[in-house]
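Visitor: I would like to go through this model with you, one question at a time. Please give the reasoning before the result.

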Amino acid sequence: MDPRIFGLDAQTLFDTGITLIAMLVLFILLSYLLFNPARKMIEKRKAFIKDQLDEAAKAKESALEMKEEYDKKLSAVEEESEELMAEARKNAKARESEIISEADEEAHRIITRAEKEASLEKDKVKDEIKQEIVQVATQMAGRFVEKSMDESTQAALVDETLKEMGDHEWQS
């Protein structure tokens with residue numbers, strides 16, 4: 001039996017040591033040439049992403065502020081529109097009462113004018129009736145003269161004439 005452990009001789013141990021040293025040097029070299037730039041690139045990428053997230057948070061905060069401002073302006077616009085509508089209603093009510101007042105005045109003028117016209121028409125009718133009475137009296141006088149009548153004939157003639165005219169006409 002061989003006193004060596006696992007069948008290792010000095011040459012194998014030496015080769016293994018040199019391989020380990022070469023691997024260590026290669027690891028350091030690769031770390032310097034590959035891993036460090038990769039780490040730097042990853043750090044830059046992390047910083048870029050962090051900046052992007054910060055900008056997004058600021059933009060979101062700004063958007064929320066703008067939304068609040070928009071909501072305030074919208075409520076102010078709604079209040080202003082309500083005020084304008086109230087003012088318009090008030091003006092419409094005032095105009096309505098003004099129109100009604102003008103219409104009442106116009107109606108009063110029309111009624112007054114109609115009453116005046118009715119009064120004038122009534123006076124005209126009275127004048128016409130008076131002229132008819134004069135004509136009737138003239139006719140009566142002509143008949144009276146023709147018949148040279150006595151008092152009973154005259155009374156009958158007056159009654160007959162009044163009946164022809166009607167009671168209402170000579171009493172008004």
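Visitor: How many salt bridges does a search of the whole structure find?

Guide: The model is a predicted one, and side-chain atom pairs are counted in it only at pLDDT 80 or more. Pairs such as K73 with E69 and E98 with R95 have side chains that meet in a salt bridge. Over the whole structure, the number of salt bridges found is four.

Visitor: How are K73 and E69 placed in helix α1, and what separates them?

Guide: The side chains of K73 and E69 meet in a salt bridge, with 3.4 Å from N to O, which is inside the cut-off of 4 Å. K73 is exposed, because its relative accessible area of 52% is over 50%, whereas E69, at 44%, is partly exposed. Because the two residues are four places apart in helix α1, what separates them is about one helical turn.

Visitor: What is the N to O value for the salt bridge of E98 and R95?

Guide: Both residues lie in helix α1, three residues apart, or about one turn of the helix. E98 counts as partly exposed at 39% relative accessibility, and R95 is likewise classed as partly exposed, at 41%. Their side chains meet in a salt bridge for which the N to O value is 2.7 Å.

Visitor: With which residue does E106 form a salt bridge?

Guide: E106 is partly exposed, with a relative accessible area of 32%, and its partner is also partly exposed, with 43%. The two are three residues apart in helix α1, so about one helical turn separates them. The closest N and O atoms of the pair are 2.4 Å apart, and the residue that bridges to E106 is R109.

Visitor: What accessible area do the residues of the nonpolar patch on the surface have together?

Guide: The patch is formed by L24, L26, F27, I28, L29, L30, Y32, L33, L34 and F35. One of these residues, L34, lies in helix α1, which spans residues 10-147. Taken together, the residues of this nonpolar surface patch have an accessible area of about 1,000 Å².

Visitor: Is S31 buried or exposed, and which residues does it contact once neighbours within four places in sequence are left aside?

Guide: S31 is found in helix α1. Its relative accessibility is 15%, and because buried means under 20%, S31 counts as buried. Leaving aside the neighbours within four places in sequence, the residues in contact with S31 are N36 and R39.

Visitor: Which residues form the one aromatic pair of the structure, and what is the angle between the planes?

Guide: The structure holds one aromatic pair, and it is formed by F27 and F35, at 6.0 Å centre to centre. F35 is partly exposed, with a relative accessible area of 35%. The pair is classed as tilted, because its angle falls between the limits of 30 and 60 degrees; for F27 and F35, the angle between the planes is 55 degrees.

Visitor: What pattern does the protein follow along the sequence, and what share of its residues is buried?

Guide: The protein has three helices and zero strands, and read along the sequence it follows the pattern α-α-α. Its accessible surface comes to about 15,600 Å², of which 61% belongs to carbon and sulfur atoms. Of the 172 residues in the protein, the buried share is 4%.

Terms used:
Residues are numbered from 1 along each chain as its sequence is written. This is a predicted model: local features need pLDDT of at least 70, side-chain atom pairs count only at pLDDT 80 or more; totals for chains, interfaces and linings use all residues. Side-chain values use heavy atoms; hydrogens and water are left out. Patches are made of residues with over 30% relative accessible area and no salt bridge: like charges are joined within 9 Å, nonpolar side chains (Val, Leu, Ile, Met, Phe, Trp, Tyr) within 5 Å. Accessible areas come from the Shrake-Rupley method with a 1.4 Å probe; for residues, only the protein chains shown count as cover. Buried means under 20% relative accessible area, exposed over 50%, partly exposed in between (1.4 Å probe, protein chains only). Contact means heavy atoms within 4.5 Å. Rings of Phe, Tyr and Trp (its six-membered ring) pair if their centres lie within 6.5 Å; planes under 30 degrees apart count as stacked, over 60 as edge-to-face and the rest as tilted.
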